[in-house]
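Work through the exercises below with the model open. Try each task before reading its solution.

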Amino acid sequence: MIFNINFLKTKKQKLALSLLFDLVHTEILFGGGAGSGKSLLGCVWLIANCFKYPKTRWLMGRATLKSLKESTLNTFFDIISKFELKEAIKYNQNSGLITFFNEAEILLKDLAYYPSDPNYDSLGSTEFTGAFIDECNEITYKCKEVVSSRLRYKLNEYNLIPKLLMTCNPAKNWVYHEFYKPYKENTMPHYKAFIPALVSDNKFISPHYIENLRKLKDTATRERLLNGNWEYDDDPNKLFEYDDILDLFSNYIESSNEYFLSCDVARKGEDKTVLMAWRGLEVLEIQTYPKTKMNEVADLINTMRMKYKIPLSNVVIDEDGVGGGVVDLLDGCKGFIGGSSQINTGSKLLNYRNLRSQCYFKLSDLVKEKKIRINADPSVRDLIIQELEQIKDCGDASDRRLAIIPKDIIKDAIGRSPDYADVCMMRCLFELKQEIDIDFYSYFAKL
Ligand SMILES: Nc1ncnc2c1ncn2[C@@H]1O[C@H](COP(=O)(O)OP(=O)(O)OP(=O)(O)O)[C@@H](O)[C@H]1O
Ligand SMILES: [Mg+2]
């Protein structure tokens with residue numbers, strides 16, 4: 001039995017298939033717009049591989065098995081029936097396994113993040129020849145890394161290289177930073193590729209579908225799905241608007257004579273120690289170090305304090321982990337414990353799950369009001385933008401308290417710890433205190 005891949009394709013699908021069968025690219029992202037032929041490309045590629053390489057094993061994944069079965073798998077079976085290949089496969093719905101006549105197989109996988117399996121150990125036991133992840137923006141960076149690490153089954157036998165095909169619509173998460181940005185800035189590593197494809201590239205789609213996309217009322221959704229605009233994030237839970245974040249680097253703000261220092265101390269190997277010196281709400285200087293010893297961090301803080309004449313009482317240091325030791329060495333500074341209770345600012349209306357959430361909401365207000373200015377090198381600037389975009393409200397109505405998503409979820413989205421955002425957030429501890437003063441002041445003023 002043969003599957004002839006020489007059917008009519010869009011130009012973009014043709015380009016993608018040429019990269020998918022070369023011996024250079026191991027990670028290919030296709031799409032960036034709705035209805036651009038993403039799912040069809042992935043299914044055709046898997047079928048072609050299964051026909052070509054007997055006894056190989058391929059992964060077809062999506063965040064949930066439900067969405068995989070309701071959409072991507074339908075496209076798969078449409079192709080199977082269009083090419084009259086029903087006799088060539090067997091589908092076991094319970095095990096999510098599609099077996100081909102030549103013993104090649106496609107395993108359907110649920111790739112969602114489950115707190116009970118944070119390291120995706122459930123994927124760890126199976127080796128695959130290659131993988132197709134549809135709508136990869138719905139999975140975490142870590143999951144993508146784990147899938148990549150499982151691609152080695154029968155590669156040598158067929159002289160293949162590991163291939164991971166991912167498709168998605170624009171999303172402001174790891175996909176943006178791993179693919180779209182390097183593509184736009186021409187810094188993509190040679191083994192990775194992004195092929196932008198929009199509905200306008202798909203001549204096979206109904207004009208009514210395009211019309212419906214044009215009629216979308218929400219600008220962000222229309223920009224993303226119709227025009228493939230990656231700069232719009234329509235997540236309603238985000239705390240910082242993209243334009244407000246960009247303004248951070250050019251805002252004109254009120255001058256101040258008071259100086260502050262905020263510092264996050266590296267905990268694990270990949271985290272960084274970050275120090276920020278502030279004049280009022282302006283970041284004057286940012287220093288970044290790899291994992292550093294306690295007394296070295298204390299020295300760095302003292303050097304920065306001396307430079308800007310910052311009193312110890314205006315210094316805040318993350319007290320969790322190694323930072324706790326630094327706080328002990330610098331008697332008189334403020335230790336920041338993100339998980340501790342909120343500070344009472346006198347407001348009866350606002351309740352926060354913890355201090356970290358309270359300070360992030362305060363930072364969000366100050367950023368919206370254009371009261372903060374950050375002076376930073378372009379590379380650090382990009383990291384700050386990336387991190388602040390990931391800070392989101394948990395949106396948990398049952399808890400009745402305002403809360404920020406846990407750090408681990410942010411790490412999964414961007415592949416690292418949000419060190420710079422956290423250091424900006426900690427600075428807001430001093431602004432909460434001011435609220436108490438203002439409240440007292442207005443209280444006495446009324447008497
Ligand atoms: N090469 C092709 N030949 C014929 N029809 C095609 C081709 N590519 C895509 N189509 C058709 O275009 C439509 C959209 O394709 P597909 O579902 O693969 O797009 P998508 O980008 O995955 O869409 P969505 O954003 O909705 O997930 C489908 O009806 C599909 O059958
Ligand atoms: Mg699709």
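**Exercise 1.** How many residues of each class, nonpolar, polar and charged, does the shell around ligand 1 have?

Solution. Note first that this is a predicted model. Step one: collect the shell, which holds 15 residues around ligand 1. Step two: sort by class. Five are nonpolar, eight are polar and two are charged. Step three: look at the nearest residues. These are Gly37, Lys38, Ser39, Leu40 and Phe204. Step four: assign the shell to elements. Helix α2, residues 38-52, gives the largest share, with three residues.

**Exercise 2.** Find the two domains and describe where they touch.

Solution. Step one: take the bounds. The domain assignment places domain 1 at 11-225 and domain 2 at 242-440. Step two: take the separation. Their C-alpha centres are 38 Å apart. Step three: count the contact residues. Domain 1 contributes eight residues and domain 2 contributes six. Step four: locate the side of domain 1 that touches domain 2. Helices α5 (141-149) and α6 (174-184) each supply at least two of its residues. Step five: classify that side. It has three nonpolar, three polar and two charged residues.

**Exercise 3.** Describe the overall fold in numbers.

Solution. Step one: count the elements. The protein has 16 helices and 14 strands. Step two: take the extents. The C-alpha trace spans about 85 × 50 × 40 Å along its principal axes. Step three: check burial. Of the 447 residues, 40% are buried. Step four: check contact range. Among contacts with a separation of 6 or more, 70% join residues 24 or more positions apart.

Note on methods: Residues numbered from 1 in each chain as written. Chains lettered and ligands numbered in written order. Predicted model: local features only at pLDDT ≥ 70, side-chain atom pairs only at ≥ 80, totals over all residues. Near = placed C-beta within 6 Å. Helix = DSSP H or I, 4+ residues; strand = E, 2+ residues; numbered from the N terminus. Nonpolar A, V, L, I, M, F, W, Y, C, P; charged D, E, K, R; others polar. Domains from an automatic or database assignment. Contact = placed C-beta atoms within 7 Å. Buried ≥ 20, exposed ≤ 12 C-beta atoms within 10 Å, placed from the backbone.
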